[in-house]
Amino acid sequence: MRATPLGWFLILFNVVSTTRGQPDIGLRNLPDSGTQAPLGSSKYVAACKEIEKTIPDVFFPGSPEFEDDISHWVNSSSEVSTCSVRPRTPQDIAFILHEISKTRVPFAVKGGGHIANPGFSSTPGVHISTANFKQIVVHEDAGTVEIGAGLTWTEVYEEIVPKGINVVGGRLTGVGVAGFTLGCGYSWKSNQFGLTVDTLTEIEIVLPDGNVKTVTEKDEDLWFALKGGFNNYGIATKFTLKSHHQPQVWGASINFVGDLVEGAQAAFATFLSQPHDPKAAQLGEFIYTNGTAAFGIVLFYDGPEPPKGLYDELLRLPNSSKNDFKGSFTDWVASLPVPGMPRGFFDGVPMTQYTDSIMKAFSDESIFWGEKMSELDKSVVIVYSLDPFEPDMLKHGGPSAYPPSRSQLFLPSSISFGWTDESLDKKVKDAMRTSARTLHKIGIKEGQKLQDASPYVNYALTGTPLEWMYGQNLPRLRELRQKYDPDDIMRLTGGWKF
């Protein structure tokens with residue numbers, strides 16, 4: 001349930017349409033469950049049947065509800081479970097956790113399904129869907145919004161933006177609320193308000209022992225641990241976030257191919273070296289697909305028009321294509337399409353700044369691995385993303401599980417590989433790890449202090465050491481996990497396990 005590296009979806013289709021036609025990356029795909037479930041374990045079946053006696057919404061392979069429950073944005077994240085279950089209340093979840101504690105069967109919890117790490121929200125055992133947790137309650141007097149854990153940010157925006165308010169949430173269509181928030185959440189509005197967790201006022205969670213608790217800043221330990229600690233401490237069912245006024249917004253995506261890339265890259269590096277209006281946000285992305293290397297920039301301003309002079313130099317650059325946007329925040333997010341991919345992984349590559357030489361390194365890596373992986377799978381899509389934020393962005397929040405320190409902002413750059421051939425999974429992971437290490441070394445050689453850089457937990461590739469992501473916070477997080485989950489119930493599910 002985590003967020004997807006940004007912007008390249010729109011850029012990709014614009015870039016490729018100006019060169020060789022749309023890439024054949026496919027639509028959302030699922031394992032072929034048919035009537036075949038992993039029934040090799042009678043214990044799994046027995047657990048499903050026991051849950052079904054109390055919870056009415058239990059589904060098995062072959063039903064449309066089951067197929068929807070186990071589906072993910074990328075097929076490589078999906079697994080055919082023995083059953084799926086849709087609890088309707090926190091008490092239903094408490095009952096399910098009680099049954100799981102007795103049988104010790106593996107389970108999964110899925111929200112939006114945008115995670116790319118296999119096994120993080122999928123299982124051969126009991127698959128818990130939060131599809132029934134879709135409440136949205138606006139508290140105008142308090143300036144907050146209650147948001148159910150089963151919602152996507154698209155659904156949230158469609159409900160609250162027409163009321164003239166918004167919250168700090170996901171940047172792309174279809175991203176789930178729960179994983180994004182529990183992973184901290186970088187937003188179009190983070191320069192103004194901080195991470196999504198910095199705007200939380202309450203989290204409703206079902207603890208591993210079945211108790212339902214509303215966690216606030218008064219609950220110092222859990223409040224700290226849940227902000228970046230994912231599902232180690234229970235299953236979140238509702239989030240309450242601060243709201244703010246939402247005006248009409250402005251945006252643009254600009255795409256560069258061939259000889260236009262170098263000049264655009266240099267201009268973007270110059271732009272990012274200056275401080276900017278906190279209402280502004282940007283993305284940069286190096287893309288390789290179908291033998292074409294390209295660079296794209298996405299620009300956003302949280303207002304009807306950006307101030308004169310803010311983006312003028314970038315908008316004047318010679319380009320291969322450009323799309324302008326003016327309208328509602330909901331429509332802005334909807335304008336960034338999210339095509340499904342048969343298989344896909346992400347990895348985080350933290351940096352302290354994006355200089356021209358760092359951008360060149362990202363570009364070189366995208367081309368090198370794009371060409372190399374294309375020899376094995378012609379459908380491959382390679383994206384290296386630059387995710388800039390203002391240096392003081394983390395000042396908006398206090399201590400949290402992630403980031404381990406707020407004294408230094410590490411920009412959450414990412415690598416995204418998409419492909420079709422399942423037999424290449426290991427080679428893709430190895431390639432991504434090699435490339436991430438290469439960029440890390442280049443950054444250090446340039447003088448960036450990256451020795452303790454923490455990869456963004458919502459982008460990090462499976463197998464990333466917890467020490468890298470959580471740093472000095474890890475011992476405390478492990479102590480708290482033992483305190484709140486002494487029977488290791490949450491270790492029966494996937495994710496980053498303390």
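**Entry 1. C83 and the disulfide**

I looked up C83 in this predicted model and found that C83 counts as buried, because its relative accessibility is 1% and the limit for burial is under 20%. I then asked which residue forms a disulfide with C83. The partner is C48, and the two sulfur atoms lie 2.1 Å apart. The link of C48 and C83 is left-handed, with -90° about the S-S bond. The pair joins distant parts of the chain: C48 belongs to helix α2 (residues 42–52), C83 belongs to strand β2 (residues 83–85), and 35 residues separate them.

I checked C48 for exposure as well, and C48 is buried, with a relative accessible area of 0%. I searched the whole structure for disulfides, and the search returned one. I also looked up C184, which is buried at a relative accessible area of 0%.

**Entry 2. Helix α2 against helix α4**

Since C48 sits in α2, I next looked up the packing of this helix. The axes of α2 and helix α4 (residues 90–103) are 10 Å apart, and the helices pack at an angle of about 150°. The two helices are therefore roughly antiparallel, as angles over 145 degrees are counted in that class. I recorded the crossing of α2 and α4 as right-handed.

I listed the residues that meet: K43, A47, E50 and I51 from α2, and F95, I96, E99 and T103 from α4. Sorted by class, this contact of α2 with α4 holds four nonpolar, one polar and three charged residues.

**Entry 3. Helix α12 and its two partners**

I looked up helix α12 (residues 356–374) against helix α13 (residues 425–446). Their axes come within 10 Å and cross at roughly 160°. That angle makes α12 roughly antiparallel to α13. The crossing of α12 and α13 is right-handed.

On the α12 side, the contact with α13 is made by S357, I358, A361, F362, E365, W369 and M373. On the α13 side, V428, A431, T434, S435, T438, L439, I442, G443 and E446 take part. I noted the composition of the α12 and α13 contact as nine nonpolar, five polar and two charged residues.

I then turned to helix α9 (residues 260–272), which packs with α12 at an angle of about 135°, the axes being 9 Å apart. At that angle, α9 is oblique to α12. I recorded that α9 passes α12 in a right-handed crossing.

Which residues make the contact of α9 with α12? I found Q265, A266, F268, A269 and L272 on α9, and D356, M359, K360 and S363 on α12. By class, the contact of α9 with α12 comprises five nonpolar, two polar and two charged residues.

**Entry 4. V349, ahead of α12**

I looked up V349, which is placed in the loop between β16 (343–348) and α12. Is V349 buried or exposed? V349 is buried, with a relative accessible area of 2%.

I set aside the neighbours of V349 within four places in sequence and listed its contacts: F362, L411, S413, S414, I415, A436 and L439. Among these contacts of V349 are F362 and L439, and I had already entered F362 of α12 and L439 of α13 in the contact of those two helices. I also recorded the separation of V349 and L450, whose C-alpha atoms are 10.0 Å apart although the residues lie 101 residues apart along the chain.

**Entry 5. Backbone details**

I looked up the peptide bond from Y402 to P403 and found it to be cis, with omega near -5°. P403 lies in the loop between β17 (381–386) and β18 (414–419).

I then looked up residues other than glycine with a positive phi, and entered N290, whose phi is near 50°. N290 is placed in the loop between β13 (280–289) and β14 (292–301). At a relative accessible area of 24%, N290 is partly exposed.

I entered D488 also, which is not a glycine and has a positive phi of about 60°. D488 lies in the segment after α15 (474–484). I recorded D488 as partly exposed, at 25% relative accessibility.

Terms used: Residues are numbered from 1 along each chain as its sequence is written. This is a predicted model: local features need pLDDT of at least 70, side-chain atom pairs count only at pLDDT 80 or more; totals for chains, interfaces and linings use all residues. Side-chain values use heavy atoms; hydrogens and water are left out. Axes are lines fitted to C-alpha atoms, for helices over the stretch in contact, and angles run from 0 to 180 degrees between N-to-C directions. Helices (H or I, at least four residues) and strands (E, at least two) are DSSP runs, numbered from the N terminus. Angles under 35 degrees count as roughly parallel, over 145 as roughly antiparallel, 65 to 115 as roughly perpendicular and the rest as oblique. A crossing is left-handed if the near helix is turned anticlockwise from the far one by less than a right angle, and right-handed if clockwise. Contact means heavy atoms within 4.5 Å. Ala, Val, Leu, Ile, Met, Phe, Trp, Tyr, Cys and Pro count as nonpolar, Asp, Glu, Lys and Arg as charged, and the others, Gly among them, as polar. A disulfide is a pair of cysteine sulfur atoms within 2.5 Å. Buried means under 20% relative accessible area, exposed over 50%, partly exposed in between (1.4 Å probe, protein chains only).
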